[in-house]
Amino acid sequence: VARQAASYFLAKRFLLTEQQHPVTLEQALQTINPGHIGICAGAVAGLNGLFYLLGDEGDACLIPAPYYAAFESDMSVVSGIIPFAVHMA
């Protein structure tokens with residue numbers, strides 16, 4: 001249900017226009033597949049999941065600096081990824 005609600009919101013807000021008729025749930029679900037939406041309990045949980053799924057131990061990940069200090073420990077402890085800070089000007 002949460003993925004369908006997110007699909008409806010994203011389609012209605014960003015993709016579909018309400019010219020004369022309101023956007024229906026069916027139109028939204030055809031535009032954005034709820035199976036393609038990931039829901040997690042916050043950005044850190046989502047990033048940790050991505051690091052674990054996509055990275056292998058010893059891989060490096062570029063992080064724009066300055067960044068949240070816990071990213072380094074989260075990446076290295078959870079998935080073995082080596083954080084590499086890229087200082088933004």
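# Exercises on a predicted model

Strands E1 and E2 (residues 82–87) pair in the parallel sense, over 6 bridges; two strands count as paired if DSSP finds at least two bridges between them, and helices (H or I, at least four residues) and strands (E, at least two) are DSSP runs, numbered from the N terminus. The model is predicted, so that local features need pLDDT of at least 70 and side-chain atom pairs count only at pLDDT 80 or more, while totals for chains, interfaces and linings use all residues. Residues are numbered from 1 along each chain as its sequence is written, and side-chain values use heavy atoms, with hydrogens and water left out.

## Exercise 1: the paired strands

Task: Determine which side chains of strand E1 (residues 60–65) point to the buried face, and which residues of E2 stand opposite Cys61 and Ala65.

Solution. Begin with the alternation along E1, where Cys61, Ile63 and Ala65 point to one face and are buried, whereas Ala60, Leu62 and Pro64 point to the other face and are not buried. Here buried means under 20% relative accessible area, exposed means over 50%, and partly exposed lies in between (1.4 Å probe, protein chains only). Next, look across to E2: cysteine 61 stands opposite proline 83, and alanine 65 has histidine 87 as its bridge partner. Then turn to isoleucine 82, which lies in E2 and counts as partly exposed because its relative accessibility is 48%. Its C-alpha is 6.2 Å from that of glycine 58, although isoleucine 82 and glycine 58 are 24 residues apart in sequence.

## Exercise 2: from E1 to E2

Task: Trace how the chain crosses from E1 to E2, and state which handedness the crossover has, right or left.

Solution. Follow the path from E1 through helix H4 (residues 70–78) to E2, a β-α-β crossover that is right-handed. This term applies if, with the strands pointing away from the viewer, the path from the first strand over the helix to the second runs clockwise. On the way, a cis peptide bond joins alanine 65 and proline 66, with omega about 5 degrees, and proline 66 is found in the loop between E1 and H4. In general, most peptide bonds are trans. Within H4 itself sits glutamate 72, which is partly exposed because its relative accessible area is 38%. The C-alpha atoms of glutamate 72 and asparagine 48 are separated by 11 Å, with their positions 24 residues apart along the chain.

## Exercise 3: the nonpolar patch

Task: Name the residues of the nonpolar surface patch, and find which helix gives the most to it.

Solution. First list the members: Leu50, Tyr52, Leu53, Leu54, Val77 and Val78 form the patch, with about 690 Å² of accessible area together. Patches are made of residues with over 30% relative accessible area and no salt bridge, where like charges are joined within 9 Å and nonpolar side chains (Val, Leu, Ile, Met, Phe, Trp, Tyr) within 5 Å. A salt bridge is a side-chain nitrogen of Lys or Arg within 4 Å of a carboxyl oxygen of Asp or Glu, and accessible areas come from the Shrake-Rupley method with a 1.4 Å probe, for which only the protein chains shown count as cover for residues. Next, assign the members to helices: helix H3 (43–54) and H4 each supply at least two residues, and H3 gives the most, with 4 residues. Finally, take leucine 54, which lies in H3 and counts as exposed because its relative accessibility is 67%.

## Exercise 4: an aromatic pair

Task: Identify the residues of the aromatic pair and describe how their planes are set.

Solution. The structure holds 1 aromatic pair. Phenylalanine 9 and phenylalanine 14 form this edge-to-face pair, at 6.3 Å centre to centre and with 90 degrees between the planes. Rings of Phe, Tyr and Trp (its six-membered ring) pair if their centres lie within 6.5 Å, and planes under 30 degrees apart count as stacked, over 60 as edge-to-face and the rest as tilted. Phenylalanine 9 counts as partly exposed because its relative accessibility is 49%, while phenylalanine 14, at 56%, counts as exposed.
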